[in-house]
Amino acid sequence: MNSVGSFPPLASLAENPQPQALALPTVAPYAAVRVVAYNCVNRPNNVTEEDQFRTVFQAIGNQSVNGISKRLDLLVVSEMDPGSVTRLTTVLNNLDNVNTFTDVLSSSVGGDSTGVTYDFCFIVRKCYKIPCMHAMTFVRNSF
């Protein structure tokens, strides 16, 4: 074994100066994932509250961080009910005229749930429900 592990010494690379190149597709790099955690207190429940969330989500998308402005990719919510999480997903889809946001909600305990709304075109997800000692079932996602 040489001094750089199992790599060939530089002298042998000089003997074959044209190694085969890999042909990779050109993809615009994503340098950031926008993640937002929000205790929504079972909102939005009406058009006025939807507009308030739309204003917040639009400001998040317009914010430049390290030179990157982009819409959020993952919204982690607590104190939700099924109607409210569906409304949030609709707000995110309508904000940019897309149909790529979807949601996962845990089972409800006392009317409240935890969940995620995410852009499935950007995030590949696996969802597992984990029983725990807390009052609510949490939703675990791995990306």
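**Figure 1. Salt bridges of the chain.** A salt bridge here is a side-chain nitrogen of Lys or Arg within 4 Å of a carboxyl oxygen of Asp or Glu. The structure contains six of them. The model is predicted, with local features requiring pLDDT of at least 70, side-chain atom pairs counting only at pLDDT 80 or more, and totals for chains, interfaces and linings using all residues. Residues are numbered from 1 along each chain as its sequence is written, and side-chain values use heavy atoms, without hydrogens and water.

**Figure 2. Overall course of the chain.** Three helices and six strands are found in the chain; helices (H or I, at least four residues) and strands (E, at least two) are DSSP runs, numbered from the N terminus. Along the sequence their pattern is α-β-α-β-α-β-β-β-β. The chain has 143 residues, and 29% of them count as buried. Buried stands for under 20% relative accessible area, exposed for over 50%, and partly exposed for values in between (1.4 Å probe, protein chains only). Among the contacts with a separation of 6 or more, 57% come from residues 24 or more positions apart; a contact means heavy atoms within 4.5 Å.

**Figure 3. The four-stranded sheet and helix 3.** The sheet is open, with four strands in the order 1-2-4-3 and mixed pairing. Two strands pair if DSSP finds at least two bridges between them. Strand 1 (35-39) and strand 3 (101-105) are the edge strands, each pairing on one side only. On average, neighbouring strands of this sheet are turned by 15° against each other, direction ignored. Helix 3 (residues 82-95) lies across strand 2 (74-80), strand 3 and strand 4, and runs at about 160° to strand 3. Axes are lines fitted to C-alpha atoms, for helices over the stretch in contact, with angles from 0 to 180 degrees between N-to-C directions.

**Figure 4. Strand 4 and its two partners.** Strand 4 (residues 113-119) pairs with strand 3 in the antiparallel sense over five bridges. Strand 2 is also joined to strand 4 by five bridges, and these two strands run antiparallel. On the strand 3 side, Phe101 has Asp119 of strand 4 as its bridge partner, while Thr102 is matched with Tyr118 of strand 4. On the strand 2 side, Val76 stands opposite Val116 in strand 4.

**Figure 5. The two sides of strand 4.** In a regular strand the side chains alternate between the two faces of the sheet. Ser113, Gly115, Thr117 and Asp119 point one way from strand 4, and Thr114, Val116 and Tyr118 point the other way. Residues on both sides are buried. Strand 4 is therefore described as mostly covered, with seven of its seven residues buried.

**Figure 6. The salt-bridge network around Arg71.** Asp119 and Arg71 meet through their side chains in a salt bridge of 2.7 Å, N to O. This pair links distant parts of the chain, 48 residues apart: Asp119 belongs to strand 4, and Arg71 to the loop between helix 2 (47-62) and strand 2. Asp119 is buried because its relative accessible area is 3%, whereas Arg71, with 26%, is partly exposed. Arg71, Asp96 and Asp119 are joined into one network by salt bridges that share partners.

**Figure 7. The pair Lys70 and Asp73.** Lys70 and Asp73 form another salt bridge, whose closest N and O atoms are 2.6 Å apart. Both Asp73 and Lys70 are buried.

**Figure 8. The loop after strand 1.** Asn42 lies in the loop between strand 1 and helix 2. The phi of Asn42 is near 55°, a positive value in a residue other than glycine. The peptide bond from Arg43 to Pro44 is cis, and its omega is near 10°. Pro44 is found in the loop between strand 1 and helix 2. Arg43 also forms a salt bridge with Glu49, the closest N and O atoms being 3.2 Å apart. Arg43 counts as partly exposed because its relative accessibility is 37%; Glu49 is buried, with a relative accessible area of 14%.

**Figure 9. Backbone of Glu79.** Glu79 lies in strand 2. Although Glu79 is not a glycine, its phi is positive, at about 50°. With a relative accessible area of 26%, Glu79 is partly exposed.
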